Amino acid sequence: MRFDIITVFPSFFECLNEYGVIGKAIKDSKIEINAVNLRDYSNNKHKKVDDEIYGGGPGMLMTPEPIYNAIQDLKMDNSKVVFLSPQGKLLNQQMVEEFSESDHLILLCGHYEGVDQRIIDNFIDYEVSIGDYVLTGGEIPAMAFIDAVSRFIPDVLGNEESAISDSLYDGLLKYSVYTRPSEFMGHKVPEVLLSGNHKLIEEWRRESSLKNTENKRPDLYKKYSKGE
Ligand code: ADE
C-alpha cells in the first residue's frame, strides 16, 4: 500500500519512519509513505497556495490549481483521493478496513478555511473526518488515518489476531485485559482468567466485551443489539 500525502508541511510526516508499528511497516516495505509539498505545485512566483474567499468572509482558502496539479501528478489508475476535513464522513473501523484494501491512497490535508469547493466536487473520491472537532489542519487526521488503515494491512501487526480481537472490529469494544501481578493494591485479576480453562475464558471475554460496550458506548451497544 502506498500513501501519498499532499500537505504544506511535508516534514510533519518524517516522524512516522521513526516509531513503532508504522516505522517497522515502512522499513519492511509493507507500506510506503510519501509526503509532497503543495507549494511545489504552485505556479505562483511566491509559491502561494491560498487566497481570499469570494463573497467575503474571514480567512483564506486553498486555491484549486496547486491541489489539482498535485493530484494529477500523483494519481495512478488505482488511486483513491481522500480529503481530510471536519465536514467529511466520520471515520469508523469498517471504513478503515475497506480503505486498507486499496493499493494507493492520496491524502489531501486541508488548511486555513478549507479548499475550493470545485476540488471537493470534482477531484476528490472521499471526504473523511476523524471526529466532531476541528483541528488546525489535516496533517494529524492524515496520520491517524494512515495509522488506523495500516494496522489492517497483512503482516503490519505482529500478530494478525490483534486487529481482529481489537475494539470495534465486530462493532463491540474489547474485553478487559490484565497482566501480572495477579493481585495489585488489593485488587485481584478475575479468577477465571487464571484458570487455564479456554472455554470459560472465551465466555468471560465475550461477557466483558458486551459489558464494556454497554457501559462505555451505549450507542454502539444499541446498534449491535439491533443487529445493524
Ligand atoms: N481537519 C480539521 N479538522 C479535521 C477533522 N476533525 N477531521 C479531518 N480533518 C480535519
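Is phenylalanine 13 buried or exposed? Phenylalanine 13 is buried, with a relative accessible area of 4%. The points below concern a predicted model, and they are set out for a reader who has not met this structure before.

1. Domains. The domain assignment divides the chain into domain 1, residues 2-150, and domain 2, residues 167-225. Taken over C-alpha atoms, the centres of domain 1 and domain 2 are separated by 36 Å. Serine 150, treated in point 4, is the residue at which the range given for domain 1 ends.

2. Helix α1 and its buried face. Helix α1 covers residues 20-27, and its buried residues are Ile22, Gly23, Ala25 and Ile26. Viewed down the axis of α1, these buried residues fall within an arc of 160°, so they line one face of the helix. The partners of that face are β2 (32-37) and α5 (139-150), against which the buried residues of α1 pack.

3. The other face of α1, and what follows the helix. Turned away from the buried side of α1 is a face that carries the exposed residues Gly20, Lys24 and Lys27. After the helix comes serine 29, which has a positive phi, near 60°.

4. Serine 150. This residue is found in helix α5, one of the elements against which the buried residues of α1 pack. Serine 150 has a relative accessible area of 0%; since buried means under 20%, serine 150 counts as buried. A polar atom of the serine 150 side chain lies 2.6 Å from the backbone oxygen of isoleucine 146. When neighbours within four places in sequence are set aside, serine 150 is in contact with Phe3, Ile22, Ile31 and Val156. Of these contacts, Ile22 is also listed among the buried residues of helix α1.

5. Salt bridges around arginine 2. The count for the structure comes to 9 salt bridges. In one of them, the side chains of aspartate 4 and arginine 2 meet at 2.8 Å, N to O. Aspartate 4 is buried, with a relative accessible area of 1%, whereas arginine 2 counts as partly exposed at 22%. Arginine 2 also meets the side chain of glutamate 32 in a salt bridge, at 2.6 Å, N to O. This second pair links distant parts of the chain, with glutamate 32 in strand β2 and arginine 2 in strand β1 (residues 2-7), 30 residues apart. Glutamate 32 counts as partly exposed, at 43% relative accessibility. Arg2, Asp4 and Glu32 are thus linked in a network of salt bridges.

6. A salt bridge within helix α7. The side chains of lysine 199 and glutamate 203 meet in a salt bridge at 3.1 Å, N to O. Both residues lie in helix α7 (residues 198-216), where they are 4 residues apart, about one turn of the helix. Lysine 199 is exposed, with a relative accessible area of 61%, while glutamate 203 counts as partly exposed at 41%.

7. Aromatic pairs: phenylalanine 12 and phenylalanine 13. A search of the whole structure finds 6 aromatic pairs. One joins the residue of the opening question to its neighbour: the ring centres of phenylalanine 12 and phenylalanine 13 are 6.0 Å apart and their planes stand at 55°, so the pair is tilted. Phenylalanine 12 is partly exposed, with a relative accessible area of 35%, and phenylalanine 13 is buried, at 4%.

8. Aromatic pairs: phenylalanine 152 and tyrosine 169. These two residues form a stacked aromatic pair, with 6.2 Å from centre to centre and 20° between the planes. Phenylalanine 152 lies in the loop between α5 and α6 (161-165) and tyrosine 169 in the loop between α6 and β8 (183-184), so the pair ties together parts that are 17 residues apart in sequence. Phenylalanine 152 counts as buried at 11% relative accessibility, and tyrosine 169 as partly exposed at 32%.

9. Aromatic cluster. Phe99, Tyr126 and Phe145 form one aromatic cluster.

Conventions: Residues numbered from 1 in each chain as written. Predicted model: local features only at pLDDT ≥ 70, side-chain atom pairs only at ≥ 80, totals over all residues. Heavy atoms only, no water. Buried < 20%, exposed > 50% of the residue type's maximum accessible area, 1.4 Å probe, protein only. Helix = DSSP H or I, 4+ residues; strand = E, 2+ residues; numbered from the N terminus. Arc of directions from axis to C-beta. Contact = heavy atoms within 4.5 Å. Domains from an automatic or database assignment. Polar contact = N/O pair within 3.5 Å; in protein donor to acceptor, adjacent residues only side chain to side chain. Salt bridge = Lys/Arg side-chain N within 4 Å of Asp/Glu carboxyl O. Phe/Tyr/Trp six-rings, centres within 6.5 Å; stacked < 30°, edge-to-face > 60°.
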